[in-house]
Structure formats: C-alpha cells, structure tokens
Amino acid sequence: MSRFKTIAGIAASLAAFPAHAPAFAQRADDNAIADAEDAFGSNDGGETLGIYNPNSVRGFSPIDAGNVRLEGLYFDRQGDFSPRLVEGNRIRVGPSAVSYAFPAPSGVVDYRLRSPGENAMLSGVIQANSWGGALVEIDAALPISDALSVGGGASFSRSEYPSGNNADITNLAAIAHWRPAPGTDLKLFGSRTRITDEDIYPIILGNGAETPGRLKRRRFLGQPWADVETERYTFGAIARTSIAGFAVRAGLFRSDNEVREGHNIFLHAAPLGTPADRIVSAYPGRAGVSTSGELGVARSFSTGAFEHRVQLVARGRAQDRRYGGSIRRSLGSTPFGEADYVARPDFDFAAQSSDRVRQWSIGLDYQVRVQRLGQFSIGAQKVDYSKRVTTPNGPAPESRDKPWLINATATVDLAPAISLYASFTRGLEESDVAPETAANRDEAPPAIRTRQIDAGAKLRAAGMTLIAGLFDIERPYFGVDGSNIFRRLGVVRHSGMEASLSGSPMPGLTLVAGGSLIRARVKGDEVASGAIGNRPIDVPSRKIIASVDWRPPSSPTSVDATVEHVGPNTADRLNLVDVSPYTTINIGLRHRFTIGRSAAVFRVQATNLFDAYGWEVAGDNAFVYIQPRQLMARLTVDL
C-alpha cells in the first residue's frame, strides 16, 4: 500500500469516527499567537512565532550550543524531537531566564512533552498545502486509573519543501504518566522519527561579489538520486517528588540520530541560462548518540519577609559521534537555473572520524526573594569536560577543560507592574559544527567558554506586557578560512537591544510584537591581517515581527496576521557580499464548529502572501532562497 493510500485511509477513519463520542478539548485549542508568553520565540500547534527560534537567539544557536531543556531539565539533543512527543517550545532569554538555575549565554530553548492528563482524549488532524504536501496526525490519551495515564501519537506526511524537494516522514511516540501521590509524578516516554526519500535541496555558491540572480522557486535543481534517509529515537524518564521538605527532580534521556548515505548538491552561481558548474558532496552517513540527564535537589524556606531557595544541580552527558568520509564529484555544467539530471557517480568513500565527549557538572544556586522588592540569585558550577577525536590518521590529542562557571541574576520591583532585571552568565557551550560547504564538514570543535551580560525592564499595563533590554555576548568565533577549513578565527561579540510587547488590550484581541537589533563584530589576528572581515557571517542586523489575532465576541471565527522583517546580512568572510533585507506577510483564519459533540477547527493560512523574494545565508558565500508563497488548509477534530 502506498503512503498516500495509508494517509487517505486514516483520514477516512477520522471522518467516520462516531459524532457522539465525548469531546475533550486539546488540539482544537492550539493558537500560537494567543498562547505566546512574549515575542522572544515560541512554538505552539506546529506554528512558530517570535523574533528568535531554536536555531537563532541573539545571533547564536541554542541547539548548536547544547542549551536544550526538556521540561526544564538538561537534554543533549542529537536530532529534532518528534512533534508527536513534544507539543511546543519556548525561548528563554531576559526575564524569562531569571528563574532558571545556571542559564546559558546563548539562550535556552525549553520543550514541553505531550503529557497525558486525567481525561481521555483523541485528536485528529488532516492538512494539505498548495505545494502538494499532505499530513495526517493522531494523538490520544487514556486514563488507566486515577494515578496512571498513557498517551501516544502517530503522524504520516508527504512533506514538500521550497526548493521543490520532498520527503516521506513518519512519527510515532508514546508517553506514560504516573501520579502515585500529590506532588509526585513519573513520566516515561519514547519516540521514533523516520524520514525516507528526502531529496536534498541545492546550495547556491556565489561569485564572491554579489548574491545570485533570482531563481524560479519550487523548481527542483538537485538530483533524484541525491537523497538521504534519517532515523531518530528519543527515550527518557522525568521524575519529580518531595522528600523531607526537599523538592527533587530528575531526568534521564537518550537521543539517537542516524543519517544513512547522504548528499549535498552545490550549484555555482552565474547569469541565468549561462552554463555553470555543479558539484555533489557525498558521505557514507553520520550518527550521533547521547545519554544525558540532570538531578536537582532544592529546599525553600522563609525568614520574615525573605523567601529563600537553595538548589543543588548535577548534570552529565556521554556523547559519541561518527562523521566525515565525504567525497566530492563534478556533475558537469548546465545552464544556471535549469534542471538537468545526470547518472549517479561512483563514490569510493574515505574512512570516517569519530569523537567522544564526556561532560559532568555540579552546581549550587542560591536565590532570595523579598516581598514587593525583588529577587537576587547567584550560582556556581564546576564542569569537567573531555573530548577525544579519532581520525583516519589516528587519535588526536585529548581536549580537556575544568572551568568554574559563575552566574548571577537580579530583579527589582519598582512597583507592582514595573520591574528591572539584570544578569551575568559564564558558560561552557558547544561551538557550531563545520557546515556542508567546508572541507572538514561535520567536524565539531571542542567546547568553548562564553560570557553574557544583559539588563532591561518589564512593564505591565492595560492587559499588555512590555519587555525591553540590552545584551552583550562574547565567545570564540569559528568560520572557514581561505583554505575552506572550518576553525577558530578570532573572538566575536554580539551587542544589541531587544523588545517584546504582548497581551490582550481588549476582549478577543491578542497582540504579539517585538524586535532585535544586533551589532556583531569579530576581532583577532585574522581580522587584523585582512584574511577575514570584522563582521561575522549570517547575523542579520535586525529582525522585527508583529502578530495580531482577532476573534469578535461570541464569534466562532478568528483572523490573524503576522508581518516579519529580516534586516541586512553578511554572506562571506571578506564582507564583500551584502544580503538585502526582506519582509513577509502571513494571514490566516480559524473557524470553530462542532461535529456532533466533537470540537473542530478549520484553519487556513497563506504564508509569504505577496511572494517576497530573499536569500538566506547557508555558509561562506553560500545561499538558499526563502520560502515562496504557500496556502495551507488544516482540519483539527477533538473526538
């Protein structure tokens, strides 16, 4: 049976589900704008909103830096979470990071599990888009007893991408939630993601003087045989309880990501219709597995007007990666912008490299809050980090670091609705991995020491919350050199300001707006010698978003719109190629109704409504175009 027949069969089963089944509100309530806490970044119901996302916070990637949390607990993620396992995420920066013990300089992305509750639930989603993509999702929860609930989900999709490529994706997940006593619970979970026949989009290599000419989007310029298959597994347990007045929480996780033989296609830019070279980079696969976790013990107590919390936190990870062995072959030339499919070359792969990371930390955090005045916290953690790399030429010298990391945060309540915040954080974070365009692609440098300072104000009035702050982050800078080797090139500093305005100024109306301005500069010998410019690659100087959701009183229909502006960017190490800013507009509608006693929502959305054109930076002098206009229709039913 084909994948589309399977999707059609499941869709028919959902439509035929008895209309008199009890309705348990769940997926039909998803609304990214209405559910947003601020404009700094969130994901709800599969829709992303905000000036930041898991791959870009203040110009850095929390994912690459290793700053992932799952329900507040440290998680060394090796591949994307299954959307059947997690229901969304939040970016934690500024005041939202103050409550975290040992916040990270490059920001934190915190994911939420789809935890089954005390009520039964069955939700189904059917979705299609104007590119030919289709999706079916099913999520269910069932209480076994007053203390035990189980849940799970499955989704099947034919995903269509902006470059005309596509993939078949299957997601499965299961979660058990045990609540044996008040204040005590245990969650066990597992998920699998399988991506098959994923055609690889081409990366455009520029001429070093300007961005490429405008290509026709959704025309597949890759090769049908240049695909990749991916398997991802996530398993874990989260426990929380109270023992003798101490709050205890713990998480133990396993993340496994394996990519079988894969390819990257590179197209040299030229005037449209002019013959240009094409290159394929093939590799025999790569894999990353990690076991990680956190144990925290906290004690809260009061002395007069002072509320104290002392927290001891231990974290660790054991990570192993296999990568490398790539080989490049020419595919000949073809007129730039036109598809030309050729036979698959023979690849005699080189031996691969491997690395092994072991990292442990233990820290003590103290927080004191004074009623109607504010709070202060200070923490210190000792980290033990080691990394061993084995190349085809033998083992490299082991990298070790054992730093003390200090952090401090403070908030001052000037009035019930006005507060100030400030923080100082030192971290040991992962650097970016060498990109596909580098000669040493997938190579991961040792962990780096980072530093952040931020401060700002938070104001609440008339149903709205305004947050405005400044930040300054410094860390080692890695990029490709003149020989196309990814390595350390200096020190980079990101200084800037950010703001968020969110809330509901009147019934039925929700506003979420924000922006960030970043001044990013590199310093060091490579800059002084002229080998690289003083601006890092791929750090847009500004980003601004504004979203509105309006649901008239007593109306089952709501409309929403989002405007997003991405500012100028730098595309090459010499700072010769500037990328122009672009602005996109999304509009959407939700109509709520019932099918028998089941709640349902019909969602339509147009993204990049006016089909704006722009370039994203994919590496040194490397580009991919932004997503063109897409129309999407989605039916959600809580059965």
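This briefing describes the overall build, the salt bridges and two individual residues of one protein chain. The model is predicted, and the chain in it holds four helices and 38 strands. The radius of gyration of the protein chain is 25 Å, close to the 26 Å that the globule rule gives for 639 residues, so the chain is as compact as a globular protein of that length.

**Overall build**

- Taken along the principal axes, the box filled by the C-alpha atoms of the protein chain is roughly 75 × 60 × 45 Å.
- Of the 639 residues of the chain, 53% count as buried, while the accessible surface of the chain comes to about 27,100 Å².
- Carbon and sulfur atoms contribute 58% of that accessible surface.
- Among the contacts in the protein chain with a separation of 6 or more, 68% are made by residues that stand 24 or more positions apart.

**Charges and the salt-bridge count**

- The chain carries 70 positive and 67 negative charges, and the mean positions of these two sets are 3 Å apart.
- The count of salt bridges in the chain comes to 51.
- A network of salt bridges links E37, D44, E87, R90, R92 and R112.

**Salt bridges between distant parts of the chain**

- R321 and D355 form a salt bridge in which the closest N and O atoms are 2.6 Å apart; R321 belongs to strand β18 (residues 306–323) and D355 to strand β20 (residues 353–370), and the pair links distant parts of the chain, 34 residues apart.
- Both partners of this bridge, R321 and D355, are buried.
- E526 and R487 meet through their side chains in a salt bridge with an N to O distance of 3.0 Å; because E526 lies in helix α4 (residues 525–529) and R487 in strand β28 (residues 486–506), the pair ties together parts that are 39 residues apart in sequence.
- R487 has a relative accessible area of 32% and is therefore partly exposed, given that this class covers values between 20% and 50%.
- D560 and R590 also meet through their side chains in a salt bridge, at 3.6 Å from N to O; D560 is in strand β31 (residues 557–566) and R590 in strand β34 (residues 582–595), so that distant parts of the chain, 30 residues apart, are linked by the pair.
- D560 and R590 are both buried.

**T241**

- T241 is placed in strand β13 (residues 227–243), and its relative accessibility of 25% makes it count as partly exposed.
- When neighbours within four places in sequence are left aside, T241 is in contact with G183, T184, F246, A247 and V248.
- The C-alpha atom of T241 is separated by 9.9 Å from that of V297, a residue 56 positions away along the chain.

**P416**

- P416 sits in the loop between β24 (404–415) and β25 (418–429), where its relative accessibility of 79% makes it count as exposed, the cut-off for this class being over 50%.
- Between the C-alpha atoms of P416 and R328, which are 88 residues apart along the chain, the separation is 62 Å.

How values were computed. Residues are numbered from 1 along each chain as its sequence is written. This is a predicted model: local features need pLDDT of at least 70, side-chain atom pairs count only at pLDDT 80 or more; totals for chains, interfaces and linings use all residues. Side-chain values use heavy atoms; hydrogens and water are left out. Helices (H or I, at least four residues) and strands (E, at least two) are DSSP runs, numbered from the N terminus. The radius of gyration is taken over C-alpha atoms; the globule rule is 2.2 Å times the number of residues to the power 0.38. Buried means under 20% relative accessible area, exposed over 50%, partly exposed in between (1.4 Å probe, protein chains only). Contact means heavy atoms within 4.5 Å. Accessible areas come from the Shrake-Rupley method with a 1.4 Å probe; for residues, only the protein chains shown count as cover. Lys and Arg count as positive and Asp and Glu as negative; His and the chain ends are not counted. The place of a charge is taken as NZ of Lys, CZ of Arg, CG of Asp or CD of Glu. A salt bridge is a side-chain nitrogen of Lys or Arg within 4 Å of a carboxyl oxygen of Asp or Glu.
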